[in-house]
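Colleague: Before I plan anything around this protein, I would like to go through the model with you. Could we start with the strands and then turn to confidence and cavities?

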Amino acid sequence: MTSAAPAVPSDAASSSVAISSSVPAIASAASSIALSSAVASAVSSSIAISSAISSAASSTVDGSPSGTNSAAESSATVPFIKLDPNNPLWNINTTGTPEAIRGSLGATVIGPTDEFTVKENPDLLAPPSTDHGNVDNAKWPFSLSHNRLQTGGWARQENIGVMPLATKMASVNMRLEPGAVREMHWHKTAEWAYVLKGNTQVTAVDPDGKNFLATVSPGDLWYFPPGIPHSLQATSDDPDGTEFILVFDDGAFSEDSTFLLTDWMAHVPAEVLAKNFQTNITSFDKVPASELYIFPAVPPTDEGDLPKSPQGTVENGFAFSLSKVKPTQLSGGTVKVVDSTIFPVSTAIAAAEVTVEPGALRELHWHPTQDEWSFFIEGNARVTIFASQSNARTFDYQAGDIGYVPATMGHYVENIGNTTLRFLEIWNTDKFQDISLNQWLALTPPELVKAHLGFSDEMISKLSKTKNTVVGPA
């Protein structure tokens with residue numbers, strides 16, 4: 001007979017069931033505790049390693065001979081720039097047909113093309129690989145401007161009608177034969193001028209009734225504030241007469257909207273003229289019925305012909321002899337700056353005359369608040385404009401071309417020819433200002449510059465704490 005198993009008390013059975021049910025939970029908790037211990041151990045090791053690295057880095061920095069490496073070395077988060085050459089691929093003297101190819105990019109041109117224009121602008125057909133995005137056209141040749149031909153001379157202009165980017169300044173190129181006159185007139189804007197060739201006699205009267213007369217020579221300037229009546233006349237000193245550049249502080253300026261003496265007189269009733277001048281009406285029977293604008297006349301004599309004004313003559317003269325200013329000699333060329341600090345009346349226009357030798361560079365820079373209007377007098381130039389947000393475009397310039405760079409946009413001017421480059425930089429301001437990239441980096445904590453650009457100590461030591469302005473070939 002089989003013996004029966006002893007009976008288990010009910011409370012013991014309950015305890016047994018509870019313990020049995022708890023076993024998986026206890027096992028899970030044990031696992032969790034073991035995992036936590038492992039994590040804690042790993043974290044502890046990580047902290048120890050981090051501490052060791054920090055200690056090692058600190059020792060390395062403390063022992064650094066340069067004394068400029070106090071920040072941990074940065075690592076690149078984007079690729080480095082390419083150092084491949086990006087020079088212009090041809091010029092006006094290049095034989096053969098230029099093609100729209102640079103390296104492995106592009107293809108041949110199989111349609112019609114203006115080969116002469118292409119050769120003058122190699123960086124438009126085959127731009128450097130550093131160009132990107134979009135920058136509005138910043139080049140206008142005066143040779144493409146419509147010319148107004150008159151008896152005794154001509155005039156052509158540039159404004160937003162032909163170069164929309166140039167919103168702050170416009171210009172006129174004018175030629176007068178010996179004795180020819182740009183008739184007496186005034187403008188709503190200021191007028192700044194640079195004489196290219198020959199001598200120009202200028203006259204003016206200010207609001208106080210003080211008068212002015214001067215003969216302005218090549219490389220010299222004149223400036224008339226808005227509303228000041230004035231005249232321009234070529235002397236007979238040069239058989240070719242005179243030619244000059246006029247700059248106005250409004251990109252929408254038009255030479256055709258000038259206030260002309262003859263134009264006004266022709267549109268005032270004759271009886272009003274007689275009453276105004278207190279004379280007989282027949283005194284006006286030779287007044288032209290329409291504007292003269294430019295017309296031939298007897299060449300002017302010396303400055304003794306200026307009527308004596310009871311109010312005196314203008315104290316701050318309207319002319320300035322920039323040609324007599326000694327240029328600042330630089331490693332790659334020269335510069336002469338003229339603004340209201342030395343030409344007090346010129347409160348709306350500041351300018352620089354710059355020369356750059358072959359292979360040299362008007363250094364990388366920008367102008368904080370003012371657009372730059374430029375005119376190329378001699379040589380061949382290359383300019384890349386950086387417009388932020390990866391937008392950059394390169395333009396090529398020859399003598400007679402106009403350039404334009406909006407305020408704050410980085411740029412340089414490189415001489416890519418074999419002769420001296422000479423050009424004007426002009427701003428709508430009373431005082432010249434620019435920011436040099438080189439100087440900015442030199443005067444910034446070197447650790448910060450290194451973190452941005454990966455420069456070596458040797459490169460940092462070569463940065464210039466003063467502006468170079470024009471630098472020679474490297």
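Colleague: How many bridges join strand β7 to strand β12?

Modeller: This is a predicted model, and the pairing is read from it. Strand β7 covers residues 181–186, strand β12 covers residues 230–234, and the two run antiparallel. Valine 181 stands opposite glutamine 233 in β12. The number of bridges that join β7 to β12 is three.

Colleague: In β15, which residue is the bridge partner of valine 181?

Modeller: β7 is also joined to strand β15, residues 294–295, by two bridges, and these strands run antiparallel. The partner of valine 181 in β15 is phenylalanine 295.

Colleague: Which residue in β14 does histidine 185 stand opposite?

Modeller: Two bridges join β7 to strand β14, which spans residues 259–260, and the two run antiparallel. In β14, histidine 185 stands opposite leucine 260.

Colleague: Which strands stand at the edges of the sheet with the order β3-β24-β21-β26-β19-β18-β17?

Modeller: The sheet is open, has seven strands and shows antiparallel pairing. Each edge strand has a single partner strand, so one side of each is left without a neighbour in the sheet. The edge strands are β3 (139–141) and β17 (328–330).

Colleague: What is the average twist from one strand to the next there?

Modeller: The order in question is β3-β24-β21-β26-β19-β18-β17. From one strand to the next, the twist averages 20°.

Colleague: Which residue in β24 stands opposite proline 141?

Modeller: β3 and β24 pair in the antiparallel sense, over three bridges. Opposite proline 141, in β24, stands aspartate 401.

Colleague: In the open sheet with the order β4-β5-β6-β13-β8-β11-β16, which strands stand at the edges?

Modeller: This sheet is formed by seven strands, and its pairing is antiparallel. A strand at the edge has a single partner, so one of its sides lacks a neighbour in the sheet. That applies to β4 (147–150) and β16 (319–320).

Colleague: Which residue in β6 stands opposite glutamate 158?

Modeller: Strand β5 (residues 153–158) and strand β6 (residues 170–176) pair in the antiparallel sense over six bridges. The residue in β6 that stands opposite glutamate 158 is serine 171.

Colleague: Over which residues is the pLDDT below 50?

Modeller: The protein averages a pLDDT of 88, and 84% of the residues score at least 70. One stretch has a pLDDT below 50, and beyond near neighbours in sequence it has seven contacts in the model. That stretch is residues 1–67.

Colleague: Which elements give two or more residues to the lining of the largest cavity?

Modeller: A search of the whole structure finds one cavity of 30 Å³ or more, and the volume of the largest cavity is about 50 Å³. Its lining includes Glu372, Ser374, Tyr404 and His411. The elements that give two or more residues are β21 (372–378), β24 (401–405) and β25 (410–415).

Colleague: How many residues of that lining are charged?

Modeller: Among the lining residues of the largest cavity are Phe376, Val383 and Phe423. The lining divides into seven nonpolar residues, three polar ones and a charged remainder. The number of charged residues is one.

Methods:
Residues numbered from 1 in each chain as written. Predicted model: local features only at pLDDT ≥ 70, side-chain atom pairs only at ≥ 80, totals over all residues. Heavy atoms only, no water. 1 Å grid on protein atoms, 1.4 Å probe; cavity = no way out; pocket = protein on both sides within 12 Å on 5 of 7 lines; lining within 4 Å. Points joined across faces, edges and corners; volume = space filled by probe spheres on them. Helix = DSSP H or I, 4+ residues; strand = E, 2+ residues; numbered from the N terminus. Nonpolar A, V, L, I, M, F, W, Y, C, P; charged D, E, K, R; others polar. pLDDT = per-residue confidence, 0-100. Contact = heavy atoms within 4.5 Å. Pairing = 2+ DSSP bridges. Axes fitted to C-alpha atoms, helices over the stretch in contact; angles between N-to-C directions.
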